[in-house]
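The following exercises are to be worked with the sequence and the coordinates at hand. Each task is followed by a solution in steps.

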Amino acid sequence: MPRYLYLLRHAHTAEKHPGQNDLERTLSSTGVKEALVIGRHLHQQQAPLDTILCSTAARAHATAGLIADALKVDTDKVVPQEELYEASTRTFFQFVAGLDDGQHHIMCVGHNPTISYLAEFLTGSEIGDMVPAGLAVIRFNLLSWREISQGNGSLENYVTPEMVDSFQ
């Protein structure tokens, strides 16, 4: 059975307030709309996510929660992961390689530039900077997440909120 990794950049973020910690930055109203659009798109595609792993940053966790709401999945499937906040590409790659082999459809919500670099590294595709709420769907024909390596995933799809909805 193939494995699917859904790499999602968090949606647009509100401006940082004086004295506000970066982890506390929330989504802007545009970001909320973007996350809902991508979530509805995944729902229409009947994406069977086993779990949604996200950075501990408020903006990533909120994006993941909105995706879960749109997919009508339990919020206990949204699991914050401290190592995904400010992760290097290598750290993120090692995280993915250590995923539970019992799960075949996993979403990771993270930050640029790492999320874009990882998508390109795993697929060999040129994606560039993923836009806020940009989603790369990567397919692996592997028995275990431990078998992932550079270029052995195929980019099944890359979508942005603007591609699936004209909410601007």
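**Exercise 1. Cysteines**

Task: Determine how many disulfides the structure holds, and state where Cys-54 stands in relation to the nearest cysteine sulfur.

Solution.
- Step 1. The model is a predicted one, and it holds 0 disulfides.
- Step 2. For Cys-54, the nearest cysteine sulfur belongs to Cys-108, at 9.4 Å. A disulfide would require the two sulfur atoms to lie within 2.5 Å, and Cys-54 is in no disulfide.
- Step 3. Cys-108 is likewise in no disulfide, its nearest cysteine sulfur being that of Cys-54.
- Step 4. Cys-54 has 0% relative accessibility and therefore counts as buried. Cys-108, at 0% relative accessibility, is also classed as buried.

**Exercise 2. Nonpolar cores**

Task: Identify the residues with the most contacts inside the largest nonpolar core, and establish which elements give two or more residues to this core.

Solution.
- Step 1. The largest nonpolar core comprises 26 residues, and Leu-5, Leu-7, Phe-92 and Ile-148 have the most contacts inside it.
- Step 2. Two or more residues come from each of strand E1 (3-9), helix H3 (89-97), strand E4 (105-110), helix H4 (114-123) and strand E5 (135-140).
- Step 3. Of these, H3 gives the most, with 5 residues.
- Step 4. Another core, of 25 residues, lies apart from this one; among its members are Tyr-6, Ile-38, Leu-49 and Ala-64.
- Step 5. To examine the surroundings of one residue from the 26-residue core, take Leu-7. Beyond its neighbours within four places in sequence, Leu-7 is in contact with residues including Phe-92, Cys-108, Ile-115, Leu-118, Met-130 and Ile-138.
- Step 6. A general tendency may be recalled here: in soluble globular proteins, nonpolar side chains tend to be buried together.

**Exercise 3. The setting of helix H4**

Task: Decide which residues of H4 are buried, and find what covers them.

Solution.
- Step 1. The buried residues in H4 are Thr-114, Ile-115, Ser-116, Leu-118, Ala-119, Leu-122 and Thr-123.
- Step 2. Since 7 of the 10 residues of H4 are buried, the helix is largely enclosed by the rest of the structure.
- Step 3. The cover over these buried residues includes E1, H3, E4, E5 and strand E6 (154-159).
- Step 4. Just after H4, Gly-124 adopts a positive phi of about 75°.

**Exercise 4. Aromatic pairs**

Task: State the count of aromatic pairs, and describe the geometry of the pair formed by Phe-92 and Phe-95.

Solution.
- Step 1. The count comes to 3 aromatic pairs.
- Step 2. Phe-92 and Phe-95 form an edge-to-face pair, with 6.5 Å centre to centre and 80° between the planes.
- Step 3. Both residues of this pair lie in helix H3, 3 residues apart, about one turn of the helix. Both Phe-92 and Phe-95 are buried.
- Step 4. Phe-93 and Phe-121 form an edge-to-face pair as well, at 5.6 Å centre to centre and 85° between the planes.
- Step 5. Because Phe-93 lies in helix H3 and Phe-121 in helix H4, this pair ties together parts that are 28 residues apart in sequence.
- Step 6. Phe-121 has a relative accessibility of 29% and so counts as partly exposed.

**Exercise 5. The surroundings of His-10**

Task: Locate His-10, decide whether this residue is buried or exposed, and give the partner of its side chain in a polar contact.

Solution.
- Step 1. His-10 is placed in the loop between E1 and helix H1 (29-44).
- Step 2. With a relative accessible area of 8%, His-10 is buried, the cut-off being under 20%.
- Step 3. The His-10 side chain makes a polar contact with the side chain of Arg-59, at 3.4 Å.
- Step 4. Residues touching His-10, not counting those up to four places away in sequence, are Arg-59, Ala-60, Thr-63, Val-109, Gly-110, His-111, Pro-132 and Ala-133.

**Exercise 6. Helix H1 and Gly-39**

Task: Compare the reach of H1 with the expected value, and state which residues Gly-39 touches.

Solution.
- Step 1. H1 has 16 residues and reaches 23 Å from its first C-alpha to its last, close to the 22 Å expected.
- Step 2. Its buried residues, including Glu-34, Gly-39 and His-41, pack against E1, helix H2 (58-71), E4, E5, E6 and helix H5 (161-164).
- Step 3. Gly-39, found in helix H1, touches Ile-67, Ala-70 and Leu-71, not counting residues up to four places away in sequence.

How values were computed:
Residues numbered from 1 in each chain as written. Predicted model: local features only at pLDDT ≥ 70, side-chain atom pairs only at ≥ 80, totals over all residues. Heavy atoms only, no water. Core = buried A, V, L, I, M, F, W, Y, C linked by side-chain atoms within 4.5 Å. Buried < 20%, exposed > 50% of the residue type's maximum accessible area, 1.4 Å probe, protein only. Helix = DSSP H or I, 4+ residues; strand = E, 2+ residues; numbered from the N terminus. Contact = heavy atoms within 4.5 Å. Polar contact = N/O pair within 3.5 Å; in protein donor to acceptor, adjacent residues only side chain to side chain. Phe/Tyr/Trp six-rings, centres within 6.5 Å; stacked < 30°, edge-to-face > 60°. Expected span 1.5 Å × (residues − 1).
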